[in-house]
Amino acid sequence: MDKLEPDIEHLVNILKKSENIVVFTGAGISTESGIADYRSKGGLWDRFKPVTIQEFEASEEKRREYWVIKKELMESLQTAKPNAGHLAIAELERRGKLKGLVTQNIDGLHSLAGNSKEKTIEIHGTNLETICWTCKDIRPWQEAFEQLKSGATVPVCSQCAGPLKANTISFGQNLRQDDLDQAFSWASDCDFMMAIGSTLIVEPAASIPKIAKRNGAVLAIITLSETPLDAIADFRFFESSGKILNNILKRI
């Protein structure tokens with residue numbers, strides 16, 4: 001960490017003066033909690049072809065296939081806990097430094113760490129809830145998981161018996177425009193943007209740090225992989241988020 005000391009000290013000095021900090025997170029922050037990156041080798045999309053929303057709507061067979069994938073994810077949710085990176089971001093909110101948190105992740109770990117709904121946009125939804133595709137009733141994920149453990153291949157709504165779906169954005173499904181508008185608004189108005197654990201490739205979400213930088217915000221990128229925005233970042237750390245964020249928090 002010694003070689004990073006000057007950069008961290010410089011970043012901390014700027015953060016102390018910042019009043020509108022926005023944090024943007026991707027899958028890399030959750031790998032430290034044991035949540036696999038879908039796109040990595042051996043990840044879910046390496047082993048299963050994603051079920052599109054159009055396939056889910058049209059085919060019972062595809063709904064069963066969808067829930068094979070989701071059951072595996074739900075099994076990991078039983079033991080996954082927020083790591084040091086999640087907890088550090090929640091602490092930023094508690095200290096009144098966080099304007100908003102935008103996450104690409106659907107694991108709900110930011111919520112479990114303590115970030116509020118008011119200051120969090122889960123731009124791809126959350127696996128902590130299911131939604132009935134017929135009546136739109138929303139329930140905790142555990143109810144669907146209990147059905148799956150009891151032998152159901154497609155869990156159904158307790159209100160209308162319609163098919164349940166995780167309350168996430170599937171392939172082929174539009175992002176919620178209200179969420180995008182709020183995320184872009186935060187990015188336009190912030191004075192410091194931290195992009196953590198994201199490759200910054202998947203659009204339109206990846207444009208959020210770009211918008212912040214274009215509107216004069218300081219941009220810090222913390223992720224192990226290279227990103228298309230590395231060249232314009234004010235700070236660049238090829239380190240785990242937990243290590244960097246904890247180091248920062250101790251000094252703010």
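## Strand S2 and its neighbours

Strand S2 is largely enclosed by the rest of the structure, because five of its six residues are buried. In this predicted model, S2 spans residues 98–103 and pairs with S3 in the parallel sense over three bridges. Two residue pairs place the strands relative to each other: Leu101 stands opposite Thr120 in S3, and Thr103 has Glu122 of S3 as its bridge partner.

Strand S2 also pairs with S1; these two run parallel and are joined by five bridges. Within this pairing, Val22 has Gly100 in S2 as its bridge partner.

## The sheet as a whole

Strands S1, S2 and S3 belong to an open sheet of six strands, whose order is S3-S2-S1-S7-S8-S9 and whose pairing is parallel. The edges are occupied by strand S3 (120–122) and strand S9 (235–237); each has a single partner strand, so one side of each is left without a neighbour in the sheet. From one strand to the next, the twist averages 10°.

Strands of a sheet pair through backbone hydrogen bonds, in either a parallel or an antiparallel sense. Here, S1 and S7 run parallel and are joined by five bridges, with Phe192 of S7 as the bridge partner of Ile21. On the S8 side, five bridges likewise join S7 to S8, and these strands run parallel. Met194 is paired there with Ala220 in S8 as its bridge partner.

## Burial of strand S7

How many residues of S7 are buried? Five of the five are, so S7 is largely enclosed by the rest of the structure. Phe192, Met194 and Ile196 point one way from the strand, Met193 and Ala195 point the other way, and all are buried. Two of these residues also appear in the bridge pairs: Phe192 with Ile21, and Met194 with Ala220.

## Helix H1 across the sheet

Helix H1 (residues 5–17) lies across four strands, namely strand S1 (21–25), strand S7 (192–196), strand S8 (218–222) and S9. Relative to S9, helix H1 runs at about 130°.

## Glu226 in the loop between S8 and S9

Glu226 is located in the loop between S8 and S9. Its relative accessible area is 65%; because a residue counts as exposed over 50%, Glu226 is classed as exposed.

Leaving aside residues up to four places away in sequence, Glu226 touches Thr199, Arg236 and Phe238. Of these, Arg236 falls within the range of edge strand S9, residues 235–237. The C-alpha atom of Glu226 is separated by 9.0 Å from that of Leu200, a residue 26 positions apart along the chain.

## Helix packing

Two packed helices are described by the angle between their axes and the distance between the axes. For helix H8 (residues 177–189) and helix H9 (residues 207–214), the axes come within 7 Å and cross at roughly 30°. That angle makes H8 roughly parallel to H9, and their crossing is right-handed. The contact brings Ala183, Phe184, Ala187 and Ser188 of H8 together with Ile208, Ile211 and Ala212 of H9. By class, it comprises six nonpolar residues, one polar residue and no charged residues.

Helix H4 (residues 60–77) and helix H7 (residues 141–149) pack at an angle of about 115°, and their axes are 10 Å apart. The crossing of H4 and H7 is left-handed. On the H4 side, Trp67, Lys71, Met74, Glu75 and Leu77 make the contact, while H7 contributes Trp141, Ala144, Phe145 and Leu148. These residues divide into seven nonpolar, no polar and two charged.

Helix H5 (residues 84–94) and helix H10 (residues 241–249) have axes 7 Å apart and pack at an angle of about 35°. H5 passes H10 in a left-handed crossing. From H5, residues Ala84, Gly85, Ala88, Ile89, Glu91 and Leu92 meet Ser241, Gly242, Leu245, Asn246 and Leu249 in H10. The contact of H5 with H10 includes six nonpolar, four polar and one charged residues.

Methods
Residues are numbered from 1 along each chain as its sequence is written. This is a predicted model: local features need pLDDT of at least 70, side-chain atom pairs count only at pLDDT 80 or more; totals for chains, interfaces and linings use all residues. Side-chain values use heavy atoms; hydrogens and water are left out. Axes are lines fitted to C-alpha atoms, for helices over the stretch in contact, and angles run from 0 to 180 degrees between N-to-C directions. Angles under 35 degrees count as roughly parallel, over 145 as roughly antiparallel, 65 to 115 as roughly perpendicular and the rest as oblique. A crossing is left-handed if the near helix is turned anticlockwise from the far one by less than a right angle, and right-handed if clockwise. Contact means heavy atoms within 4.5 Å. Ala, Val, Leu, Ile, Met, Phe, Trp, Tyr, Cys and Pro count as nonpolar, Asp, Glu, Lys and Arg as charged, and the others, Gly among them, as polar. Two strands pair if DSSP finds at least two bridges between them. Buried means under 20% relative accessible area, exposed over 50%, partly exposed in between (1.4 Å probe, protein chains only).
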